Amino acid sequence: MSDGLWSAQRRALTGGLVLTITFAAAEALAVVTVMPLVARSLHGLNLYGLVFSAFLLGTMIGIVAAGRSADKHGPAIPYIAGVIVFAVGLTIAGLAPSMPVLVAGRALQGLGAGAVPSVAYVAIGRSLPDRLRARMMAILSTAWVVPGLAGPAISAEIARLFGWRWVFLGLLPFIALTSPFAIPALVKLGRPTTPAPEGHRLVDGVGVAAAAGLVLGGLTLAAGSGSAAAGGGAGADGASRGAPRFARHVAEASGRLASHGLSGRDVAIIAGAALIAGGLVVGVPLLRRLLPPGTLAAKYGLPATILSRSLLTFAFFGADAFVTLTITILRHRSPVVAGIAVTGSTLAWTTGAWIQARMNTRWEGRRLVRIGFAIILTGIAGLTLMLVSRVSIVEGIAAWTIAGLGMGLSYAPITLLMLDAAPSGREGWASASLNLADVLGSALGIGIGGAAISAAVSLGWPLASGVGVAFAITGAAAVTGLAVTRRLPLRAPATASAASASASASAS
């Protein structure tokens, strides 16, 4: 098609965004693969989880910063800044002499990575007619296929031959070669034609990230309290010496309170509850300022659209984080078998994205989202059954592959509904809100599920019980998401056609 995504006037933007998503996907999958080796090498197993949470919290800040900049100055500046910060983070991580330095590098990577989806959505909303947006989202989903198939194996081989540091440093030339493709097209988009109203405040984004960290930290502390009471002696002292300063203060406070009749477990629960309460008190008001009014109440239109994305990522990624654990630890299968489940869901996600691209002009967006939530709920149910030893492992892998199809059907339509409902000139603000909800949902889903597993281990329950609770929590999020879909804006095929004609007319 002469006026398609790969036409002369659009191929630079399409190719640049695809390459950007590809290297981001490659980095994410590579880090998951080599992180156990990195943690052992840097003697920092106690900070293992923080490596991932620091990235997510940095991403939240980057989303807000990029959305503000895109609305005021156009998408090129936040894109360039994001790529530079991401590269700096890769360099710090690759050269890190200790685990705390690696955590700092990961936070910078997240800060830079947060700019990518915000810029991509702004570019799609401002440069593509409605009829091409769904196909562009499908193409961006396809950018995960090659990294999903080859990324883990390649990163493991690089780590074996050259050392884990080159998994990070080896991506730098790729960034230098691919990022310039998108820059000219983004520069051509320029600034918005109308002055943008005040968008998200960066201080609010930082505050929400910090509050989320408090909530997740409190959950982890309280959930692990069972082992705190039992874990004494030299092992506990050694952990204290390797812990961050805040954890040492908590340990000292525990000792003082224990002398007054409170056990270490009681103190951990109280301290964890205090952190959770503090995070909610600080974070909820800030989150209300960052999201469209009425989001937390699922108000019809853009607010419900933003909330549905958060529930979607909570449900899917909150379960996805523990799929390989279930297969390898509980069902005693090899990592290769676990990788089949990851690859299956990745390919199914891409398949679903292409299906929605073909169906979006005939089916309303909220219908696709509703179907996606139902499929994901089915996949989570299949994973839960896999906790029973007599259920075949093949059934669990098939169930999670089906869940990937649900993500493909629902993820992009939510983005398209957001772009339709975003006020003119505030696409960056709406995109940042959507991405903030996206990352926050993932972080909370994984963090709360991890706390459930930690509680099971610390209390001496079977590990399967903790995993089952984690799956139940994500299933509840999927059920809630199904209910919220009733408040998504109606985007009928005729409306889509009218929007397409309007966008084409204004582009000409």
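Student: At what angle do helix 5 and helix 6 pack, and how far apart are their axes?

Tutor: In this predicted model, helix 5 and helix 6, the latter spanning residues 130–142, pack at an angle of about 155° with their axes 10 Å apart. Helix 5 and helix 6 are therefore roughly antiparallel to each other, since angles over 145 degrees count that way.

Student: And is that crossing left-handed or right-handed?

Tutor: The crossing of helix 5 and helix 6 is right-handed, and the residues that make the contact are Y121, I124 and G125 on the helix 5 side, with R133, M136, M137 and L140 on the helix 6 side. Sorted by class, this contact of helix 5 with helix 6 has five nonpolar residues, one polar and one charged.

Student: Going back along the chain, how do the axes of helix 4 and helix 5 cross?

Tutor: Helix 4 covers residues 99–113 and helix 5 covers residues 115–127, and their axes come within 5 Å and cross at roughly 5°, which makes helix 4 roughly parallel to helix 5.

Student: Which residues meet there?

Tutor: From helix 4, L111, G112 and A113 meet A115, V116 and P117 of helix 5; the contact of helix 4 with helix 5 comprises five nonpolar residues and one polar, with no charged residues.

Student: Switching topic, what about helix 19 and helix 20, how do they cross?

Tutor: The axes of helix 19 (residues 365–385) and helix 20 (residues 393–421) come within 7 Å and cross at roughly 155°, and helix 19 and helix 20 are therefore roughly antiparallel to each other. Helix 19 passes helix 20 in a left-handed crossing, and the residues of their contact divide into 17 nonpolar, seven polar and one charged.

Student: How many aromatic pairs are there in the whole structure?

Tutor: A search of the whole structure finds eight aromatic pairs. In the pair formed by F316 and W400, the ring centres are 4.9 Å apart and the planes lie at 15°, so this pair is stacked.

Student: Where do F316 and W400 sit?

Tutor: F316 lies in helix 16, which runs over residues 302–320, and W400 lies in helix 20, so the pair ties together parts that are 84 residues apart in sequence.

Student: Last thing, what pLDDT does the chain average?

Tutor: The chain averages a pLDDT of 79, and 83% of the residues score at least 70. Over residues 227–247 the pLDDT is below 50, and this stretch has eleven contacts in the model beyond near neighbours in sequence. Residues 492–508 also have a pLDDT below 50, with 13 contacts beyond near neighbours in sequence. Where pLDDT is low, the predicted coordinates should not be read in detail.

Methods. Residues numbered from 1 in each chain as written. Predicted model: local features only at pLDDT ≥ 70, side-chain atom pairs only at ≥ 80, totals over all residues. Heavy atoms only, no water. pLDDT = per-residue confidence, 0-100. Contact = heavy atoms within 4.5 Å. Axes fitted to C-alpha atoms, helices over the stretch in contact; angles between N-to-C directions. Helix = DSSP H or I, 4+ residues; strand = E, 2+ residues; numbered from the N terminus. Parallel < 35°, antiparallel > 145°, perpendicular 65-115°, else oblique. Left-handed = near helix turned anticlockwise from the far one by under 90°. Nonpolar A, V, L, I, M, F, W, Y, C, P; charged D, E, K, R; others polar. Phe/Tyr/Trp six-rings, centres within 6.5 Å; stacked < 30°, edge-to-face > 60°.
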